[in-house]
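Biologist: I'd like a close look at one part of this protein. Could you take me through the nonpolar core and what sits around there?

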Amino acid sequence: MPELLLAFIPLVGAETNNPLWMSYARPLATAKFLFLFIALLCLGYAFVADDFSVVYVASNSNTALPIYYKISAIWGGHEGSLLLWIVILGGWTLAVAVRSDNLPPAIVARVLSVMGMIGVGFLLFIILTSNPFDRHLPVFPQEGGS
């Protein structure tokens, strides 16, 4: 949700010269990164805890893997690597929000809004086609596949 809000509220604020709406850009960028990082941590927990009810975990891990392989398996497949890229994009968005104090608020709002729009596109792609949290298995396996 912060991603969608970041994509539009600051941009509308910049277009209407509304300083309140432009001021939402930095907190929304922070929230965007925080929630994306939490999602990556949740996926990591699913790998470490051997939660094979998650299709991605069942396909890319098993109980015999050492912990460092389980952690690297988070981004070892298509779905996890997309999530990692979205988290990295969120990190860059946060970096722009933190390091852009010397720029005019309208420019910051527009730049962060465009970064939010790119994030919305990636998130729509991951949710609709490559969800790493998908649980559509007929029977949850006791052991993973890799």
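Modeller: Here is a walk through the cores, followed by one threonine. This is a predicted model, where local features need pLDDT of at least 70, side-chain atom pairs count only at pLDDT 80 or more, and totals for chains, interfaces and linings use all residues. Residues are numbered from 1 along each chain as its sequence is written, and side-chain values use heavy atoms, leaving out hydrogens and water.

A nonpolar core here is a set of buried Ala, Val, Leu, Ile, Met, Phe, Trp, Tyr and Cys residues joined through side-chain atoms within 4.5 Å; buried means under 20% relative accessible area with a 1.4 Å probe, counting protein chains only. The largest one has 18 residues, and L43, F47, V57 and I126 touch the most other members. Helices α3, α4 (55-60), α6 and α7 (105-129) each give two or more residues to this core, with α3 giving the largest share, five. (Helices are DSSP runs of H or I, at least four residues, numbered from the N terminus.) Take L43: leaving aside neighbours within four places in sequence, L43 is in contact (heavy atoms within 4.5 Å) with Y56, V57, I74, G80, L83, P132 and F133.

There's also a second, separate core of nine residues, including L6, V108, L112 and M115.

Now the threonine: T93 sits in helix α6 (residues 78-99). T93 counts as buried because its relative accessible area is 0%. Beyond four places in sequence, T93 touches L6, A29, K32, L112 and M115. The T93 side chain also reaches the backbone oxygen of L89 at 2.8 Å, inside the 3.5 Å limit for a polar contact between N or O atoms, where one must be able to donate a hydrogen and the other to accept it, and residues adjacent in sequence count only if both atoms are side-chain atoms.

Terms used. Buried means under 20% relative accessible area, exposed over 50%, partly exposed in between (1.4 Å probe, protein chains only).
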